[in-house]
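Student: I've got a model open and I'd like to talk through the words people use for it. Can we take them one at a time?

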Amino acid sequence: IDDAQDNEAGEVKSNFLVLKDSAYEIFGYREAACQFYAESLNQFAAKMPETMRIFSLVAPSHIEFIQNKKYREMSGSQEEAIRVIDSYLSPRITPVDARSSLLPHYQDYLYFRSDHHWTARGAYYAYEAFVKAAGFSPVTLDKYEKKEFPGFLGTLYDKTRSAKIAANPDTVEVFMPLVESTFQIHTNKGGVLNWNVINEGYGKPSFKNKYLVFLSGDEPLSVITTNVDTDRKILVFKDSYGNAFIPFLMNHYKEIHVIDPRHFQSNAAAYALEQGFDDVLFLNYSVV
């Protein structure tokens, strides 16, 4: 990473940095929080059968790849924080190194300028790291039909109200799924919605939060069933970073069950045992 931006003036607002036309969340961590997170995963893993593979992917945020040395050093090292988490994981859990997969592509459009999420392109490189850990071959990006939804101003714009960001809104890039699927959202009220994995309606010019094109946002439980020639099933525990990532998994699994622990009100371990998954992936981003 070069330091070409070192002479540029950034502006810090609360826990956010605005530099040029991008906003970043400033990162910090405590070892105790890293240990707590790892031990939560270990407790889950201890209840699962030995045949179930369990993976942990901690998604780095945009500031980890900032080119400006001065502002990079204002933030804690996510590489270090992820290493601390991984050091507390039990041998039952395989760490996935998404950061190293993203790093060579840091000049690409991996994160939104106005929002705290990675783009689908950023999520793709994390998917590459996961499939490598899981022993699959990634489907290359050139195989996908690409759609673009311009005019997105996300959460970091809302927090900073930066005129520079407003003048250069983001485009949400979508790599359309290659396999057929059904997508069911299970609400906490017991309802089931039949939806699309990519919901293009949220990309319309009039719609504000265009990141919702991925899985229609954060729901307690969703199930994707594909026409892929395999019986493999995976359970993904995720925050919203998982939404842009999960569509890439459709190439490798018959069923993908998605739980957002912030909204899921049942016993997740019981659900995992009852469903008999081959793989479980914990995917959360590093700013908690």
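**The sheet and two helices**

Tutor: Sure. In this predicted model, 8 strands make an open sheet with mixed pairing, ordered S5-S4-S13-S11-S12-S10-S8-S9.

Student: What makes S5 and S9 edge strands?

Tutor: Strand S5 (93-96) and strand S9 (192-195) each pair on one side only. From one strand to the next, the twist averages 20°.

Student: Which helix packs on the sheet, touching S4, S5, S11 and S13?

Tutor: That's helix H5 (residues 120-134), whose direction makes about 155° with that of S4. Angles over 145 degrees count as roughly antiparallel, so H5 and S4 are roughly antiparallel.

Student: Why are H5 and H8 called oblique to each other?

Tutor: They pack at an angle of about 55°, with axes 8 Å apart. Roughly parallel needs under 35 degrees and roughly perpendicular starts at 65, so the pair is oblique. The crossing is right-handed.

Student: What residue classes make up the contact of H5 with H8?

Tutor: On the H5 side there are Ala 120, Ala 123, Tyr 124, Ala 126, Tyr 127 and Phe 130, and they meet Ala 244, Phe 245, Phe 248 and Leu 249 of H8. By class that gives 10 nonpolar, no polar and no charged residues; Tyr counts as nonpolar here.

Student: How do you know that H8 is largely enclosed by the rest of the structure?

Tutor: Buried means under 20% relative accessible area. In H8 (residues 241-249), 9 of the 9 residues are buried, so the helix is largely enclosed. Among them are Tyr 241, Asn 243 and Pro 247.

Terms used. Residues numbered from 1 in each chain as written. Predicted model: local features only at pLDDT ≥ 70, side-chain atom pairs only at ≥ 80, totals over all residues. Heavy atoms only, no water. Buried < 20%, exposed > 50% of the residue type's maximum accessible area, 1.4 Å probe, protein only. Helix = DSSP H or I, 4+ residues; strand = E, 2+ residues; numbered from the N terminus. Pairing = 2+ DSSP bridges. Axes fitted to C-alpha atoms, helices over the stretch in contact; angles between N-to-C directions. Contact = heavy atoms within 4.5 Å. Parallel < 35°, antiparallel > 145°, perpendicular 65-115°, else oblique. Left-handed = near helix turned anticlockwise from the far one by under 90°.
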